[in-house]
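Visitor: Could you take me through the aromatic rings in this one, up close? I'd like to hear how they pair up and what sits over them.

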Amino acid sequence: MLRESHILLFSIFIAGLCSIIYELLIATTGAYFLGDSITQFSLTIGIYMAFMGVGSYVSRWVPDHSLLSLFICFELALALIGGMSVPILYFAYAFGLPLQLCSIVLTAVIGVLIGLEIPLLSRLMEKHYTLKANLSNVLSIDYFGALLATLLFPFLFLPWLGVFKTSLAFGLMNLSIALVLLWYFIDHFNAARKTILKSTLVVVAGILLVTFFTSHQLNKMWNSQVYEDHVVHSEQTPYQQIVLTRNKDDIRLYLNGGLQFSSIDEYRYHESLIHPAMARLNTPKTVLILGGGDGLAVRELLKYPAIDKIILVDLDPAVAQLAKTNHYLTSLNQDALNNPKVEILHLDGYVYTEQTDLLFDLIIIDLPDPKTISLARLYSKQFYLQLKKRLYPHGIIVTQATSPFFAKQTFWSIHNTLNAAQFSRVAPYHVNVPSFGEWGFVMACHQQCSAPQAKPIDTRFYQQPIEPQLFLFPDDLKGSDEAISTLDNPQVLYYYLQGWKYWN
């Protein structure tokens, strides 16, 4: 009897461990592909909790005489659906199925199955403990399992396996509940039920194991469906999925499915990001780049011999490592990240600028668009005020500011937020990058802003005589009174999601 209670307690622990992981996996995958992490995690948590309630309510109709066999069946279903949840979402995205709907349905089904677990396990343990001890044991062990899962997910499983394999690994772990219960209680079932349960367990284990060990091939199939060009590099990091493609001379970098640059026209973007500000600085010595792990902005900065130090702060080490070692990228960025003038730090940009005491002549913000709450904080008034403290009096900040055509309110919110940080001059400008369309930047000078000076720099697009065109906005690109973005009220995120909703 003691051994039986220990097996049931083991089942409770594994159930708590797996249940929270499925929730994290679905929300994280949704945020990867759909952006707006607030919506994805809120929807997942809300639907998950509501349908756990449904599962708990439905558990009253599970008859006592079939309690154990039905519980094993539920665990088999949960192992299969939970374990395959991320592969299902990946292929829904690849084949153009409604990803949000798929995410909601998976969350609801998994929620119902998890909601069944605690009431049924509590009933199975009735003969071992009093009601008071039973409830305290079941809930405390389940909650402890959930705590351990929240620690293992970001620090072990996600960096080691990525979301695709983590989903399958926890499906197999969930399957261990059915396996142990079936092994221990095998004599409680008649021959027909034994055969059904054993066969189902073998089938579910086979599906999960085959999918796990063929995940590399499945991801290659997924990449070939999502990306038109040949995939030359693909990896999942704790922060994002990185994909590099090649089509003849066109090298493209994608992060979480979003295009970051095309080698055909990236020079238009990076020259516009760097050279207008550099033309206004006399002898800049130190530059800070936030983002820009591909090394292309650094390539443009290294054209100025006067620069002594470039500090690049990019959270994901995998991007910079790829840009330092992949021959397609080193050829494109001219091996910029291996230059002795460049120091690379893998830190959060907000944390770094808050903690450093260094001052800079130029700060370049080459971050992804503000499509999540974590990115939106790097477009907030508080962040710009923090950056202002890191500038010399003659210093300049330049930020990429998404498209003034596709996301006009976002662009002007960034402009107005920099204005609210009380820089002496804030100047918006834009350029056409064929791969992206009309793209925007905002330059902000700390205490003074010198007139641009012609400098003998080798460029393919930017020339000082075309500057007036970059700073000129036609009526259909002009903004008005878009709200500023703060940490407490990230308006730039709401504008961005609304602006790109139509075009996506």
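**Rings and their neighbours**

Guide: Sure, and let's start with a charge: the charged end of Arg 60 sits over the ring of Trp 61, 5.9 Å from its centre. Keep in mind that this is a predicted model. That 5.9 Å counts because the cut-off for CZ of Arg is within 6 Å of the ring centre. You'll find another such arrangement at Tyr 267, where Arg 460 lies over the ring face at 3.9 Å from the centre.

Now for rings against rings: there are 22 aromatic pairs in the structure. One of them joins Phe 91 and Phe 95, with 6.3 Å from centre to centre and 20° between the planes. That pair is called stacked because planes under 30 degrees apart fall in that class. Phe 95 itself is exposed, its relative accessible area being 51%.

Phe 157 and Phe 170 make an edge-to-face pair, their centres 4.7 Å apart and their planes at 65°. Here Phe 157 is buried at 10% relative accessible area, and Phe 170 is buried too, at 0%.

Then there's a cluster to pick out on screen: Phe 33, Tyr 90, Tyr 93, Phe 164 and Trp 222 come together as one aromatic group.

As for the setting, the rings belong to a chain of 504 residues, 55% of which count as buried. The chain is built with 18 helices and eleven strands, and its C-alpha trace spans about 90 × 45 × 40 Å along the principal axes. Of contacts between residues at least 6 apart in sequence, 74% link residues at least 24 apart.

Definitions and conventions. Residues numbered from 1 in each chain as written. Predicted model: local features only at pLDDT ≥ 70, side-chain atom pairs only at ≥ 80, totals over all residues. Heavy atoms only, no water. Phe/Tyr/Trp six-rings, centres within 6.5 Å; stacked < 30°, edge-to-face > 60°. Buried < 20%, exposed > 50% of the residue type's maximum accessible area, 1.4 Å probe, protein only. Lys NZ or Arg CZ within 6 Å of the ring centre and 35° of its normal. Helix = DSSP H or I, 4+ residues; strand = E, 2+ residues; numbered from the N terminus. Contact = heavy atoms within 4.5 Å.
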